[in-house]
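Trainee: Could you walk me through this model before I look at it alone? I'd like to start with how two of the helices pack.

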Amino acid sequence: MRLVIVESPAKAKTINKYLGSEYKVIASYGHVRDLLSKAGSVRPDNDFFMVWDIKPDGRKRLNDISNQLKNCDGLLLATDPDREGEAISWHIKESLLENRMLGVPFKRIVFHEITKGAIAEAIANPRDIDQSLVDAYLARRALDYLVGFTISPILWRKLPGSKSAGRVQSVALRIIVDREAEIEAFRRKEYWSIEAKFEAKNGKLFHAKLINYIGNKLDKFSISDGKEAAIIRDSLLSGKFSVESVETKVVKRSPVPPFITSTIQQEASRKLGFSAKKTMQVAQNLYEGINVDGETTALITYMRTDSVNLSKEAIGKIRSLVASKYGNDFLPEKPRFYQTKVKNAQEAHEAIRPVDVDISSDLLRGKIPIDHFRLYDLIWKRAVASQMASAEFDQVQVDVSDADKNVFRANGNTLKFEGFIKVYMEDRDEQQEMEAEGLLPPLARGDKTPMKNLEALQHFTVPPPRFSEASLVKKLEELGIGRPSTYANILQVLQDRGYAKLVKKFFVPEIRGRLVTVFLTNFFSRYLEYDFTADLEQSLDDISNGNKSKLETLKNFWKEFCESVDLTKNIKISEVIERLNAALESFLFQREDGSVSRVCPECKTGELSLKIGKFGSFLGCSRYPECSYVRRLDSSAPTKDDSAVAKSSDYPRFLGVDPHDNSEISLKKGPYGVYVQKDKAGTQTSKTAGKSTKGSEKPLRASIPHFIDPNNVDLVMALALLQFPKSLGQHEREDVKIGIGRFGPYVLFRGKYVSAPESSAIFSITLNDALELVKKHNKHAPATRKQSQTK
């Protein structure tokens, strides 16, 4: 009898049914040992010797294996077919040898799908443990350990309250923080388009956009303001238009490759709303086996892969299914083969596909859990579509012009042949956009096309979007950072450490994440560079392929890394804080009135500075304890307006244009909360929201009071807020003003502050209303408000 070791009991159960009584299959439940979790577990001065510690449950698994081996004459290590799987097998073998528990021959077997044929083939072709794959794993563990256990203590000392720093996670966090800086620095740009509806011979209307004006080609930003757009629009009203040209061509769209780890995480996020972690958990179940009609059945191939290849056998079965189910018209003449676009991809595995393509998702409806059904449905459809014929569209482009060389262009698309779209479409938004262009009526050159409607339409550019789980995985993949098996963990760690959070499915950096990123870019910039991290991933791949030495790679890294660490030893916390103050000045010291100042608003003489403790970050006054001013910064702190937090991914949000002077009005969010900002046309802002460049006027701002939901702020309300404080008129030759201050709405009369109602009624208070409030205040309360307001 031979003993077979796999990772999970589900996988063991599935394999057991394919093997006879000559085999016993048990699970190791993953790794049986790990690096000892304390300093010194990786020893650079001893050729990076690593100290391993057998886990408590790992000890039990090893004893189980040892007991089973007493009745066996061979050991087959059948863990997953990747670096991690190779490492699990290596750890089991090494632990058994070190504890003198291994007295029988052992071999390694691998398979990419759990089927009777695949397992039989693997058993017939055993091999030794691949030491190159193990070395790549060991190098990665050593690098991650050395970075984490070296930088993390520095972070804890120099930046109190910080969590650990990871080699790859820190780079992913930088991507999120950099994108936030782009959004804050974004300046909306106005542009206009001239669009018309023309009538064809058959009386049907079609839509077209002006592309040439008096012979001059127009680009996106050629018409920059409403006045210019109105002049152009009015000049076209009397034109006599006819069809100048009609161009028709057939456009083909090819299917996308079958899923790899990164693309299945992206697509499951877009179409199913799954997190990366959930996608991999469900996929793992589908790979290891799931109950179908009372029998455990493995439904997909191995799900951690960056190869887009399919086996010849799988391609043949898919092509047969396409021909029988959809007809020969949907079958391309030759099989499709794909090339990966992933940087540093490893092509040893297959793409993710159904184990048996004849088991369509329709056959599983109602037989497996709904999440498993939905993910399998995606996998099945994508794999089948990848071997189908291209979709074909009739694309029509029509230009209509007048005698003054003004040209409008209309585009239309008609789906001529469904092809792979009959089964699967990767990007639904793209499909809807293409279909939205729709059909054009029959048109021929020379046809008269009377203009029936003409509009000048205003547009604004939009800021780059925050990263979703799907788009962040795609970015990491493009940069060559991380590996298929690490993406889900990277995203989860960023959230667990409080460095970033998901708001409406988009990543927003926390204050802590910003501080850590600024610290690392100031003192360990080399190790946050995208190319450096990707090159290190390539080195690990070279080790796994046997083309590079593990020891040499670690030595080269450690030498440079130690030099960077030595430079930070004498850095004082005060210097770190000042670096953070300088780098985040506009974000940290943004005042309620829009100015950027470090002068303490409480005592007017002290200087504000960032303060960091284990319970969070805040701004404090240099005159403490004489001045006790504190401003909490942590976005994780409770707020009065939970809805504002929930909508924080909407900032900055453009509200419109002030009709009086064409200034742009936006809703933004800073460390003091949500506010509205008025930017005069032509002004520019720096990378931190709202800070004017040198020589430009400071933008006008107004904070959103806590009793107003920021989600309800529109252009009208924003303009009203920007008017505060405002005069309501005079009484007994004295101004009566209404405003909103630190303590809420107030009426100011004869130097005395009187509280006003905390509600939207503040916008409609009249002079008489204000005087009535003053009268009631004088009758019932002492005049102490002035001191608190002006303190």
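Mentor: Sure, and keep in mind that this is a predicted model, where local features need pLDDT of at least 70, side-chain atom pairs count only at pLDDT 80 or more, and totals for chains, interfaces and linings use all residues. Residues are numbered from 1 along each chain as its sequence is written, and side-chain values use heavy atoms, with hydrogens and water left out.

Trainee: How do the axes of helix H10 (residues 312-326) and helix H12 (residues 370-385) cross?

Mentor: Helices here are DSSP runs of H or I, at least four residues, and strands are runs of E, at least two, numbered from the N terminus. Axes are lines fitted to C-alpha atoms, for helices over the stretch in contact, with angles from 0 to 180 degrees between N-to-C directions. The axes of H10 and H12 come within 9 Å, and they cross at roughly 90 degrees. Angles of 65 to 115 degrees count as roughly perpendicular, so H10 and H12 are roughly perpendicular to each other.

Trainee: Which residues of H12 does H10 meet?

Mentor: Contact means heavy atoms within 4.5 Å. From H10, Ile318, Leu321, Val322, Lys325 and Tyr326 take part, and by class the contact of H10 with H12 has 7 nonpolar, no polar and 1 charged residues. Ala, Val, Leu, Ile, Met, Phe, Trp, Tyr, Cys and Pro count as nonpolar, Asp, Glu, Lys and Arg as charged, and the others, Gly among them, as polar. The H12 residues are Trp380, Ala383 and Val384.

Trainee: Which helices and strands do the buried residues of H15 pack against?

Mentor: Buried means under 20% relative accessible area, exposed over 50%, and partly exposed in between (1.4 Å probe, protein chains only). In helix H15 (residues 487-496), the buried ones are Tyr487, Ala488, Ile490, Leu491, Val493 and Leu494. They pack against helices H6 (169-185), H8 (261-272), H9 (276-288) and H14 (469-479), plus strands S18 (500-503) and S19 (506-509).

Trainee: Which residue shares a polar contact with Glu184?

Mentor: Glu184 sits in helix H6 and is buried, with a relative accessible area of 10%. A polar contact is a pair of N or O atoms within 3.5 Å; within protein, one must be able to donate a hydrogen and the other to accept it, and residues adjacent in sequence count only if both atoms are side-chain atoms. At 2.5 Å, the side chain of Glu184 is joined to that of Arg514.

Trainee: Where is the cis peptide bond with omega near -10 degrees?

Mentor: Most residues other than glycine have a negative phi, and most peptide bonds are trans. One cis bond joins Tyr624 and Pro625, with omega about 10 degrees, and Pro625 is in the loop between strand S21 (616-621) and strand S22 (630-632). Pro725 is in the loop between helix H22 (715-722) and strand S27 (726-731). The bond with omega near -10 degrees runs from Phe724 to Pro725.

Trainee: Is Arg733 buried or exposed?

Mentor: Arg733 lies in the loop between S27 and S28, and its phi is near 65 degrees, a positive value in a residue other than glycine. Glu732 lies in the loop between S27 and strand S28 (734-741), has a phi near 55 degrees and is exposed, with a relative accessible area of 53%. At 79% relative accessibility, Arg733 counts as exposed.

Key. Parallel < 35°, antiparallel > 145°, perpendicular 65-115°, else oblique.
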